[in-house]
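Let's take a walk through this chain, from the overall build down to a single side chain. Have the structure open and follow along.

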Amino acid sequence: MGISAVLNIASSGLQTNTKRLATTANNVANAGTPGYNRLETSLTSQPYGGVSASVSPSNGATFTDTSNVDLSSELIDMKTAEIGYKANAAVFETGADLWDVLMSIKKD
């Protein structure tokens, strides 16, 4: 696997975790909205590496006078996305540093 593939995979992880955080923020913002149906983020691995995210309403929710948002679950989702984002950022940074080293070697 080349450096550019590593950077692409890490980039997809950054984008996916950004979407996960945005979905969680939306759920928290609407937790008090009557009838709000919690959104879920589904992750799918890509054939050549990386991951993508899709957002859809949660299954089995009924529309009532309350929302189906559990703030403790949202906090866990937020922390999981944060950890995933930091891990992918570290991989991206390491890959970029390695790319710079390889380019300086090539120039010499």
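A quick definition to begin with: a residue counts as buried when its relative accessible area is under 20%, as exposed when that area is over 50%, and as partly exposed in between, using a 1.4 Å probe and protein chains only. By that yardstick, buried residues make up 24% of the 108 residues in the chain. Keep in mind that this is a predicted model, where local features need pLDDT of at least 70 and side-chain atom pairs count only at pLDDT 80 or more, while totals for chains, interfaces and linings use all residues. Residues are numbered from 1 along each chain as its sequence is written, and side-chain values use heavy atoms, with hydrogens and water left out.

Now for the layout. The chain has two helices and two strands, taken as DSSP runs (H or I, at least four residues, for helices; E, at least two, for strands) and numbered from the N terminus. Going along the sequence, you meet them in the order α-β-β-α. The radius of gyration is 18 Å, well over the 13 Å that the globule rule gives for 108 residues, so the chain is more spread out than a compact globule. That radius is taken over C-alpha atoms, and the rule is 2.2 Å times the number of residues to the power 0.38. The C-alpha trace spans about 70 × 25 × 15 Å along its principal axes.

Start with helix α1, residues 3-29. Its 27 residues should span 39 Å at 1.5 Å a residue, and the end C-alpha atoms are indeed 39 Å apart; the expected span is 1.5 Å times one less than the number of residues. Its buried residues include Ile3, Leu7, Leu14 and Arg20. The buried set packs against β1 (39-45), β2 (51-57) and α2 (71-107), where contact means heavy atoms within 4.5 Å.

Over to α2, which has 37 residues and reaches 53 Å from first C-alpha to last, close to the 54 Å expected. Glu74, Ala81, Gly84, Asn88 and Gly95 are buried here, and the buried residues of α2 pack against α1.

Finally, zoom in on leucine 71, which is found in α2. Leucine 71 is partly exposed, at 48% relative accessible area. Setting aside neighbours within four places in sequence, leucine 71 is in contact with Val28 and Ala31. From leucine 71 to threonine 94 is 23 residues in sequence and 35 Å in space, C-alpha to C-alpha.
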